[in-house]
Structure formats: structure tokens, C-alpha cells
Amino acid sequence: MPYERIDQRIEYSRALEARYGLPQAAAIFDCLKLAQDAEGHIAPEAERYIEQQLGRPVAEQRRLRSQYDLLSAAIPGGASGAAAERLYDNLLGPDALTIRQSGPLLAASDQEPSITAYLAAGGYQAAGKALRQMRPEAIIDEVKALGLRGRGGAYFPVGVKWEAAAQAAGKHTFLICNADEGEPPTRKDKLLMDQNPYLLLEGMLIAGKALGAPLGLIYLRGDYQESQDSLRTAIAEAHEQGWLGADIQGSGFDFEVEIFLGFGSYVAGCDTAMLESLEGRAAIPRATPPFPTEQGLAGQPTVVNNVETLCNVPILIELGGAAFAQIGDPDCPGTKLFGLGGDIAQAGIYELPTGMPLSAILELAGGVVDDLGAPGTLKAVNPGGVTTGLLTAAEVARVRMSPASLAEHGAYLGSGAITVFNAQRDLRAFAEDVLNFLAEESCGSCMQCPISLRMTQRTLARTHQGLATRAELDAVYERDAMLAAILGCGLGRGSHITVSCALRKFPDDFLGPRDVWPKRMLR
Ligand SMILES: Cc1cc2nc3c(=O)[nH]c(=O)nc-3n(C[C@H](O)[C@H](O)[C@H](O)COP(=O)(O)O)c2cc1C
Ligand code: SF4
């Protein structure tokens, strides 16, 4: 097999190391993927070649590959992605990327993406203002004052994160856009990148200016080929039009954007695990502190923000404080992209104000449908992904789609992928799919994480025969509470939320002929 493309990739990573201090080791994953794409598998000669060029022993390469679904074919014990596929297949219909309701973020997304159209619609005006009229601290103050919260799942205040990184000691700050989108069945970031990549690049440019970052990296889910194509075209056009590169629009500010591919590890979407992956290692979350804002990529202050978060930045700068603050929930202002799926008449993506009543969202999407597509009865809603819990129909009638309102019902907003279950659905099947997915994706670095997942899988399996004892079921709740306090990342900490909600709120789905149910579950 000829290795020119591998050589080119290594050459490119040497250039990035020389220019920005990015570890050359990060090239390992791309090299493995190039070898795999060339021959359909990673041949032993290719492994030996990569070993010679990057000094990474074959055994280490195989260990690394086993964690990444897109690189792990033919590795014994490697992640297969089968559980994830089941979750996606069950929950994601053909309309997953259909825009049903458009707000400021999606406004320009129904046309063929082109920088000319973007500029004609007022694109890059916010960046022009930020570059020419605003000092970095003023941008951060504006973002802070408006209370923009991240849209990647944790809803952390963006301005607070930016300020911490801007004030941290280091050679320079790195900006990372989290475009790994591993949360089944989320597709909102894909839609933004496919259809309006300029908005993301503009948001990154403004963030780069605020942080004094010379480089923004997009850690992009490796199987999002359309997003990759659209981003690469947009990056080239932004260079041509002077919105990337040196001395952008005569402002004296230099900024570049590079794409790094993620190869199918759910846990790599966790910010500190992503740093490990970008440094060429297995995606294992780092212990914090130090937080990435103090010591992140290559030891430098680093900000990791979600695609949707960064896309909000130009809108926020353009609209200005008062107008942005008017939209949505005062504690988490702006809009949110909600993906509606499952048993709902009009699945697709809706851009809606945060804090909207969930019942109104379901109504807007045509209401619940039964298995034949006729109007159905609501049983439950999973509000935002595998670690966000379940809501009963009564809770759906009361809850608003804001972090605070969901928390009152033991649930989370997560990525905003809302899955609707009609009265015919068996929530034990969903809980099992969630557990299987998390068990497959756990990195295993904290012993209790995979062990507790396996124990709960076994308990649920025993409910099928009505054999689970009260003590076993009690242990599921105890694990839910205990894991939240001790585990190393959100995967493990949230691993029992959905199953625990399912058991507590929908006990009938788990009842077998001989079950003895804990009283508190039946309350
Ligand atoms: C297991 C795990 C997976 C995650 N996956 C993603 C992801 O795919 N995309 C994302 O933006 N954030 C993901 N996150 C959250 C990130 O750690 C981080 O909070 C986020 O990227 C920060 O961006 P934001 O402040 O703009 O929301 C994940 C977290 C965990 C624990
Ligand atoms: S909680 Fe699970 S996935 Fe997270 S670091 Fe620990 S073992 Fe890895």
C-alpha cells in the first residue's frame, strides 16, 4: 500500500506543532483511518509503517482503536456501535433533519449554503463589529451580561468560561468547537454545520477574538461527511473573502480554523476526554481541577464550546443585549434547537425559545401518534438524551424546557433531542437500550462505572422473568445516587438517571408475575 497520504498527514501535523504547539501525536487517528479507508481494514504493514513514523507501537495502536467505533473493525472486544445503532434506529426517523420551525439560528438554512448569500443576508456583520469596535473584554462582558449558556448539555455560562480562560496564564488560548454530537439521537449540530457553516465560523472568529486564540479546532464527528464537506468549503471561502487568516479585515487579528475528526467514541464528546483524543491518546476524561480553561490542550488555557453555542454568538452580538435577553427563559435566554422524534406526528428540528412548555412543543409538532400513525396517547418523554431521564404525561403537562424546570422533575435538558413514547411503548426496552449503549461506551477508567452498568443490566434482565428481588431494585436507586457523587464524568454520573426514572415512574413496564416491588416505587 502506498503511504503518501499518511506521510502528508504527518507532515501537516508537524506544521501545526511548529506553529501552535499542537502535539504531533494527534495525527495517529487520521493515519489509522487513512490506512483503513485505503484497504478496507488496517493491514499489519500499515500498522508497522505508522509505528515507524509516529513511534506508536502496534499494540498501542490496537488499544486505541478499540475505543473508537469507526476504527475498531476486526479488533477483538472493540466497540461495535451496535447499541448506539439500535437507539438511533428506534428513535430517529427519516425526518430527523427536516426543519419544522425556524428562528434566528436556522434563518438562513433553507437555502443552498454560500458565503455570498450569507454576506448578503447580513452575515459577518457581528464579526466586523467585534473585530473593529470591541475589545476582547467587552465581548466577554457582553456574553456574560446576556447570560448565554452552553448548548452542549451542561448549560454552563459561556461568558464565565471565556473569562476564566482569557485570564489564565499561558502562551495562548485554544478554542475547540465540540462537533462530536455523540448523543443519540441528536442531529441539531449536523444541521447547523451542513446548512449554515458560516454562522459557526463567524461565531468561532468572535470567540477567538475574545479569547486571544490564534486557532480554533473543530472536533467533528467522523461520519458527518456532509458537514465536513460544507465546513471545508466554508473555510476556503472565508479565507478568500478575508474572514480567516492573517490580519482579518485589516483588524490586525489572525485566526485559523482546523478540522479534527472524531472516530466514534461517545465519551470523547466530554470536553476533557476530547483533549486527550486531540493529543493522540484514548478518550479518557481527565480529573479536574485543573479545568481546561486553566490547563487544556497542550497545557494551554482552552475553551470547549458546542456548535450551537458558538452559532449563538454572532446573533447575540448582532441583536445586542436587550433584544437577546427578551427571548426565552430569563435564566437561559435565547432559542434552542429541539429535535423531535419517536411517536410524534411531525418529527424534525424546531428552533424555539428556551423555557417553552413541553406540552406546547408536542402540540406544535402535531401531537402524539400511535403505532399506526393515528392520534395516540402520551406515555412518556425523554427530554434530551440517554442521561436525561423520563417524564410522565402528567409531568409533561407541567414542565418547561429550561434546565431549572426539568430539574424539578429529576430530568435534564441535555442536547434537546426530545423522544416521545406513546402508550404502546415498553420503557423497559428503552431503559435496556440506554444501559447497553452506556456500557458499550464507558471508557472503564473508573472501575465502578462499567461494573454498576453491568449489574443493572443483569437486574433488568431478571425482571423479564419476574426474578428481580426488591433488594436488587433498591440497589439501582442507590447506585443512581452514589454514582452521581463519585464517578469521573457525566457518562457514569448520569448512567442510572434514565433507568431509575423508568423504574420509579413506570413500574408496570417492569412487573413480572412473581415480582415483589418496593413500596416506594409504587407510590
Ligand atoms: C460522555 C459525554 C459526552 C458528551 N458529548 C458531547 C457532545 O457530543 N457534544 C457537546 O457539545 N458536548 C458534549 N458533552 C459536554 C461537553 O463535555 C462540554 O460540556 C460541552 O462541549 C461544552 O460546551 P458548551 O459549554 O458550549 O455546552 C459531553 C459530555 C459527556 C460527559
Ligand atoms: S465515569 Fe465511566 S465513562 Fe466516565 S471516566 Fe469513569 S469509567 Fe470513563
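**Exercise 1. The largest pocket**

Task: Sort the lining residues of the largest pocket into nonpolar, polar and charged.

Solution, step by step:

1. Start with the classes: the lining divides into 19 nonpolar, 21 polar and nine charged residues. Keep in mind that you're looking at a predicted model.
2. Now for the full list: 49 residues line this pocket. Nearest its centre you'll find G152, G153, A154, C270 and D271.
3. Next, ask which elements give two or more residues to this lining. They are α9 (158–167), α10 (188–195), α13 (271–278), β5 and α22.
4. Finish with the space itself: the volume of the largest pocket is about 1,500 Å³.

**Exercise 2. Who sits in there?**

Task: Find out which ligand takes up the space of the largest pocket, and work out which residues surround this ligand.

Solution, step by step:

1. The occupant is ligand 1: the space it takes is the largest pocket.
2. Look at which elements put two or more residues into the shell around ligand 1, and you get β5 (302–306) and α22 (490–493). β5 provides the largest share, three residues.
3. Altogether, 18 residues surround ligand 1. The closest are G152, N178, D271, N306 and T309.
4. Compare that with the pocket centre: G152 and D271 are also among the residues nearest the centre of the largest pocket.
5. Sort the shell by class, and there are four nonpolar, nine polar and five charged residues.

**Exercise 3. Contacts with ligand 1**

Task: For K161, G269 and D271, decide whether the side chain or the backbone faces a polar atom of ligand 1.

Solution, step by step:

1. Take K161: an N or O atom of its side chain is 3.1 Å from an oxygen atom of ligand 1.
2. Move to G269, where a backbone N or O atom lies 3.2 Å from a nitrogen atom of the ligand.
3. Then check D271: a polar backbone atom is 2.8 Å from an oxygen atom of ligand 1.
4. How much of ligand 1 does the protein cover? On its own the ligand has 610 Å² of accessible area, and the protein covers 89% of that.

**Exercise 4. A second ligand and a second pocket**

Task: Describe the surroundings of ligand 2, then do the second largest pocket.

Solution, step by step:

1. Around ligand 2 there are 13 residues, and C443, S445, C446, C449 and C489 come nearest.
2. How many charged residues does the shell around ligand 2 have? It has no charged residues, with eight nonpolar and five polar ones.
3. On to the second largest pocket, which holds about 500 Å³ of space. It's lined by 20 residues, with R5, D30, Q228, R232 and L261 nearest its centre.
4. By class, this lining has eight nonpolar, four polar and eight charged residues.
5. Which elements supply at least two residues each? They are α1 (4–20), α2 (27–39), α12 (225–240) and β4 (256–262).

**Exercise 5. The largest cavity**

Task: Find the largest cavity and describe its lining.

Solution, step by step:

1. The structure holds four cavities of 30 Å³ or more, and the largest has a volume of about 130 Å³.
2. Its lining has 18 residues, and L92, A96, P185, G339 and L340 lie nearest the centre.
3. β8 (335–342), β9 (348–353) and β12 (417–422) are the elements that give two or more residues to this lining.
4. By class, you'll count nine nonpolar, six polar and three charged residues.

**Exercise 6. Backbone oddities**

Task: Where do P185, P290 and E181 lie, and what does the backbone do there?

Solution, step by step:

1. You've met P185 beside the centre of the largest cavity. A cis peptide bond joins it to P184, and omega is about -10 degrees. P185 is in the loop between β2 (174–179) and α10.
2. E181 lies in the loop between β2 and α10 too. Its phi is positive, about 35 degrees, although E181 isn't a glycine.
3. Last up is P290, found in the loop between α13 and β5. The peptide bond from P289 to P290 is cis, with omega near 0 degrees.

Definitions and conventions: Residues are numbered from 1 along each chain as its sequence is written. Chains are lettered from A and ligands numbered from 1 in the order in which they are written. This is a predicted model: local features need pLDDT of at least 70, side-chain atom pairs count only at pLDDT 80 or more; totals for chains, interfaces and linings use all residues. Side-chain values use heavy atoms; hydrogens and water are left out. A residue is near a molecule or strand if one of its heavy atoms lies within 4 Å of it. A polar contact is a pair of N or O atoms within 3.5 Å; within protein, one must be able to donate a hydrogen and the other to accept it, and residues adjacent in sequence count only if both atoms are side-chain atoms. Accessible areas come from the Shrake-Rupley method with a 1.4 Å probe; for residues, only the protein chains shown count as cover. On a 1 Å grid over the protein atoms alone, a cavity is a set of points where a 1.4 Å probe fits but cannot get out, and a pocket is an open set with protein on both sides within 12 Å along at least five of seven lines; lining residues have an atom within 4 Å of a point. A molecule sits in a cavity or pocket if more than half of its atoms lie within 2 Å of its grid points. Helices (H or I, at least four residues) and strands (E, at least two) are DSSP runs, numbered from the N terminus. Ala, Val, Leu, Ile, Met, Phe, Trp, Tyr, Cys and Pro count as nonpolar, Asp, Glu, Lys and Arg as charged, and the others, Gly among them, as polar. Grid points are joined across faces, edges and corners, and a volume is the space filled by probe spheres set on the points.
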